[in-house]
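Let's take a walk through this structure together, starting from an open space and then looking at how some helices pack.

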Amino acid sequence: YNQDNSVITDPDTLSYRHISLSIFERGKYERIRGTPETHRPPVYPIYLAINYAVFGKNNLLAPVIVQHVLFFIASIIVGYLAYQLAGLMAAVVSYGFLFTDFTVFYYFNEVLSEALFTSLLIFALFFYWQSLKTAGNRWLNVLLSGLLLTVVIFTRPVGMFLTYPMAVILGLGIYMETKS
């Protein structure tokens, strides 16, 4: 990395970097000066701008290290959810798939939005599972899940397609609880 930061960058990294530098330096959401950005969603450039504020604007390794911390936390949650849904063997298999998947290693080592998207999605699913599992603070967990899912959508718009199945599952869970 010290000799060549292209190890952690991709052609798409440059567009995120331009927007995040604009946010960091001028407080403007634009890739080209004077033209508001309409192509990239705002969460990942904001994430990079926060990293610049904390670690310095020329440090592209810091966002990758933060992504690794997020991966560690998300992997614990994946194992927990697999264990809750199907037992110990499911947790072991999910860890096996997670830790041997080349694309996971690739994207969590790049300055790209996929790592943040995946981590936030797993956190949203965790709170969603908690809302189905516990009756006491269900609405707080639904709220946290919904807020995180909103952030997920503003990280990568493909996350919009996840709102429908989650709403159906939540509705079925609440319906089944009222029937019993």
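This is a predicted model, so treat what follows as computed from it. Begin with the helices around the largest pocket: α3 (61–86), α6 (113–133) and α8 (163–179) each supply at least two residues of its lining. How many residues line the largest pocket in total? There are 20, and those nearest the centre are Val78, Leu81, Leu121, Ile122 and Leu125. The lining is made up of 18 nonpolar residues and 2 polar ones, with no charged residue. The volume of this pocket is about 420 Å³.

Now turn to the helix pair α1 (residues 11–26) and α2 (residues 43–55). Their axes lie 8 Å apart and make an angle of about 60°. Angles from 65 to 115 degrees would count as roughly perpendicular, but this one falls outside that range, and α1 and α2 are therefore oblique to each other. Their crossing is right-handed. On the α1 side, the residues that meet α2 include Tyr16, Ile19, Leu21 and Phe24; on the α2 side, Tyr44, Ile46, Leu48 and Tyr52 are among the partners. This contact brings together 12 nonpolar residues, 1 polar and 1 charged.

Helix α2 also packs against α3, at an angle of about 110° and with 9 Å between the axes. That makes α2 and α3 roughly perpendicular to each other, and the crossing here is right-handed. Tyr44, Tyr47, Leu48, Asn51 and Phe55 in α2 meet Ala62, Pro63, Val66 and Gln67 in α3. In this contact, 7 residues are nonpolar and 2 are polar, while none is charged.

Key:
Residues are numbered from 1 along each chain as its sequence is written. This is a predicted model: local features need pLDDT of at least 70, side-chain atom pairs count only at pLDDT 80 or more; totals for chains, interfaces and linings use all residues. Side-chain values use heavy atoms; hydrogens and water are left out. On a 1 Å grid over the protein atoms alone, a cavity is a set of points where a 1.4 Å probe fits but cannot get out, and a pocket is an open set with protein on both sides within 12 Å along at least five of seven lines; lining residues have an atom within 4 Å of a point. Grid points are joined across faces, edges and corners, and a volume is the space filled by probe spheres set on the points. Helices (H or I, at least four residues) and strands (E, at least two) are DSSP runs, numbered from the N terminus. Ala, Val, Leu, Ile, Met, Phe, Trp, Tyr, Cys and Pro count as nonpolar, Asp, Glu, Lys and Arg as charged, and the others, Gly among them, as polar. Axes are lines fitted to C-alpha atoms, for helices over the stretch in contact, and angles run from 0 to 180 degrees between N-to-C directions. Angles under 35 degrees count as roughly parallel, over 145 as roughly antiparallel, 65 to 115 as roughly perpendicular and the rest as oblique. A crossing is left-handed if the near helix is turned anticlockwise from the far one by less than a right angle, and right-handed if clockwise. Contact means heavy atoms within 4.5 Å.
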